[in-house]
Structures are given as C-alpha cells and as structure tokens.
Amino acid sequence: MAQLIASILGFALGLLFLPMVIPGMRVRGTVNALKAGVVGGVLSTLLGKLLLVLLTLVFFLPIVLTGPVGAFVVQGVVNTVLLWMTARLVDGIEFDRLRTTVWAAFALTLLQLVARHLGPS
C-alpha cells in the first residue's frame with residue numbers, strides 16, 4: 001500500500017513539475033495532475049513491474065553490458081508506456097508528440113531515481 005501511495009504522489013508531483021521544463025507537455029490543473037497521478041500510480045504498480053521484468057529479459061545482455069545506464073533506459077521505456085497510457089485515460093494530460101512523451105518519461109525516471117536516493121534507506 002505504501003508503494004502505491006508513493007507511486008501516486010511521485011507521478012502527480014512529476015506531472016506538476018515537468019510541464020515547466022518540457023515544451024509540448026501540458027497538464028491542465030492540479031486536479032488533473034492528481035487524477036493522472038492516481039491512474040499512473042495504479043498502472044505503475046500493476047503493469048510497471050511486469051513491463052520492467054519483460055523488458056529486462058528481452059534486453060538482458062545490453063543491460064549487463066551497460067550496467068546502470070541500461071537499467072535506467074529500460075525504466076525510461078517503461079515510464080514512456082505508462083505515461084502514454086495515462087495520457088489516453090486522463091483528459092487533462094497532453095503530449096504534442098511521442099518524442100515529448102519519451103522526454104517526459106526519462107525526466108520522470110530521473111526524478112524517481114533522485115527521490116529514491118534522497119528518501120529513507
């Protein structure tokens with residue numbers, strides 16, 4: 001349950017912050033960011049782990065060869081899929097292009113990485 005709440009808050013805060021940094025991404029209001037946070041958090045909890053495992057199996061050798069960078073890229077791809085699905089399910093989230101979604105997903109992945117390192121160990 002704590003992981004779900006952390007995931008929802010992480011998605012919501014990321015979606016509030018990222019449109020200021022990434023052109024082509026729009027979130028209409030805090031309520032929509034919270035809705036998207038709930039949808040993205042639930043998707044992340046339900047599908048995120050499955051997608052991460054599947055992609056890790058598919059790209060096992062590149063991840064082993066590139067180490068943490070490969071793991072970061074796989075997590076970024078998972079976040080891209082989750083953001084795309086969230087934008088389809090919530091009306092107030094818009095991306096101009098797929099490239100914008102990818103940039104937002106990798107920025108969200110970086111925010112998650114920083115939050116994990118700053119959080120309690």
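The following exercises with worked solutions concern the salt bridges of a predicted model.

**Exercise 1.** Determine how many salt bridges a search of the whole structure finds, and state the N to O distance for the pair Glu94 and Arg28.

*Solution.* The search of the whole structure yields 3 salt bridges. In one of them, the side chains of Glu94 and Arg28 meet at 2.0 Å, N to O. Glu94 belongs to strand β2 and Arg28 to the loop between β1 and α2 (29-58), so this pair ties together parts that are 66 residues apart in sequence.

**Exercise 2.** Identify the acidic partners of Arg26 and locate each pair in the chain.

*Solution.* Step one: Glu94 forms a salt bridge with Arg26, with the closest N and O atoms 3.1 Å apart. This pair links distant parts of the chain, since Glu94 is in strand β2 (residues 93-95) and Arg26 in strand β1 (residues 25-27), 68 residues apart.

Step two: Asp96 also forms a salt bridge with Arg26, the closest N and O atoms being 2.7 Å apart. Asp96 lies in the loop between β2 and α5 (98-118) and Arg26 in strand β1, so parts that are 70 residues apart in sequence are tied together.

**Exercise 3.** Classify Arg28 as buried, partly exposed or exposed, and state which residues the shared partners join into one network.

*Solution.* Buried requires under 20% relative accessible area and exposed over 50%. Arg28, with a relative accessible area of 48%, is therefore partly exposed. Through salt bridges that share partners, Arg26, Arg28, Glu94 and Asp96 are joined into one network. Applying the cut-offs to the other members, Glu94 at 26%, Arg26 at 38% and Asp96 at 47% relative accessibility each count as partly exposed.

Technical notes:
Residues numbered from 1 in each chain as written. Predicted model: local features only at pLDDT ≥ 70, side-chain atom pairs only at ≥ 80, totals over all residues. Heavy atoms only, no water. Salt bridge = Lys/Arg side-chain N within 4 Å of Asp/Glu carboxyl O. Helix = DSSP H or I, 4+ residues; strand = E, 2+ residues; numbered from the N terminus. Buried < 20%, exposed > 50% of the residue type's maximum accessible area, 1.4 Å probe, protein only.
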